[in-house]
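Visitor: I would like to learn how to read pockets, cavities and ligand contacts in a model. Where do we begin?

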Amino acid sequence: MTGLPVRPDLRGATPYGAPQLDVAVRLNTNENSHPLPAELVAAIAAAVGTAAAGLNRYPDREAVALRTDLAGYLGHGLRVEQLWAANGSNEVIQQLLQAFGGPGRSALGFTPTYSMHPIISAGTGTAFVDGRREADFALTAAHAADQIRRHKPDVLFLCSPNNPTGTALGLDVIAAAYDATAGMVIVDEAYAEFARSGTPSALTLLPGRPRLVVTRTMSKAFGMAGLRLGYLAGDPAVVDAVRLVRLPYHLSTLTQVSARVALTHAPALLETVAAVKAQRDRIVVALPAYGLTPVPSDANFVLFGGMDDSTRMWHELLERGVLIRDVGLPGWLRVTVGTEPETSAFLSAVSELRPPTR
Ligand SMILES: *Cc1c(COP(=O)(O)O)cnc(C)c1O
């Protein structure tokens, strides 16, 4: 690229992405390891077949039918005007930053958090400010509000459950953060369906908070990372703002059709969530016996520390055919929760590396 007149802020940067390695046990990108139900696969194939005949036409630019279905899935009395969908929640977040961030504006997030928030901020020319968490990765209402008042961001990112730490935020934190800013508040709930019971969604806070936006995705709990379908719920005015920056026909006919079919199979798809949560809790319970310290998780992954050299442990697990994620936090690693056999493979590799201490 050296000969090209690339934007100065992009020079020397590398493209984001975890290694896509051909390994037996892949637990590094928080996908759902469970295969899609066969009847859903057949239903998508049939619907795509029918829709293919209409591919000479552009898709419904407003994706009204899909947004209506998404509103029905979320509940909480949400209406189609409050829903918006795009190619993954990453694109939804990009559209939000295009509308509410941009040059001369700033976004605040609480590190460690989802690494795409700063990257999408950079791509849209939005300055990203690294906020702080407590030593145990928690975030209190007072600490969050204090940092928000100090930095006055135009866009605030709250990730709940937080990637890579795994824990959900209390609604008190989200409400206090909202009250502390005049900017937009984006609650990234990519993992909401995996939260431990009794963990309320920020969707319950939407009424009366027009600057609050909740983003969701079909990539994780729905097990459809390959579909590329993310969405938001918020005030109808937020949707109108996003429409000013979205590309026309951004969401293909095939994506819209496939997502609608998947939503009709939501109960069957979400059955895997309970299985994943059981394996997650199994990992959280098992790791301390190997001298490792897991962070409480509301997600389909577990962050754990306690090793001297996390990079070495990552390599040693890979040598045993288990790929997990080095999230760039020295002393910590993140493992995605897969199927029962994958969890067993991970735990048995861990036990080879670290014989049980009790
Ligand atoms: C995986 C993930 C997403 C999902 O992105 P998609 O573009 O919908 O696949 C969003 N936010 C967080 C925090 C994630 O971990």
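**Pocket, ligand and cavity**

Guide: Domain 1 (16-36 + 270-353) and domain 2 (38-264) both contribute residues to the lining of the largest pocket, so the largest pocket lies between them; the domain bounds come from an automatic or database domain assignment. This is a predicted model, in which local features need pLDDT of at least 70 and side-chain atom pairs count only at pLDDT 80 or more, while totals for chains, interfaces and linings use all residues. Residues are numbered from 1 along each chain as its sequence is written, and side-chain values use heavy atoms, with hydrogens and water left out.

Visitor: What is the volume of the largest pocket, and which residues lie nearest its centre?

Guide: On a 1 Å grid over the protein atoms alone, a pocket is an open set of points with protein on both sides within 12 Å along at least five of seven lines; a cavity is a set where a 1.4 Å probe fits but cannot get out; lining residues have an atom within 4 Å of a point. A volume is the space filled by probe spheres set on the points, which are joined across faces, edges and corners. Here the largest pocket has a volume of about 880 Å³. Its lining has 36 residues, with Tyr16, Thr29, Tyr114, Lys220 and Arg325 nearest the centre.

Visitor: Which pocket does the ligand take up?

Guide: A molecule sits in a pocket if more than half of its atoms lie within 2 Å of its grid points. The ligand occupies the largest pocket. Of the 13 residues around the ligand, Ser89, Tyr191, Thr217, Ser219 and Lys220 come nearest, where near means a heavy atom within 4 Å.

Visitor: Which side chains have polar atoms close to a ligand oxygen?

Guide: A polar contact is a pair of N or O atoms within 3.5 Å. A polar side-chain atom of Tyr191 is 2.5 Å from an oxygen atom of the ligand, and a side-chain N or O atom of Asn163 is 2.8 Å from a ligand oxygen. From the backbone, an N or O atom of Asn90 lies 3.1 Å from an oxygen atom of the ligand. Taken alone the ligand exposes 390 Å², of which the protein buries 94%, by the Shrake-Rupley method with a 1.4 Å probe.

Visitor: How many cavities of 30 Å³ or more does the structure hold?

Guide: There is 1. The largest cavity holds about 40 Å³ of space, and residues of its lining include His34, Phe222 and Leu269. Domain 1 and domain 2 both give residues to that lining, so the largest cavity lies between them.

Note on methods. A polar contact is a pair of N or O atoms within 3.5 Å; within protein, one must be able to donate a hydrogen and the other to accept it, and residues adjacent in sequence count only if both atoms are side-chain atoms.
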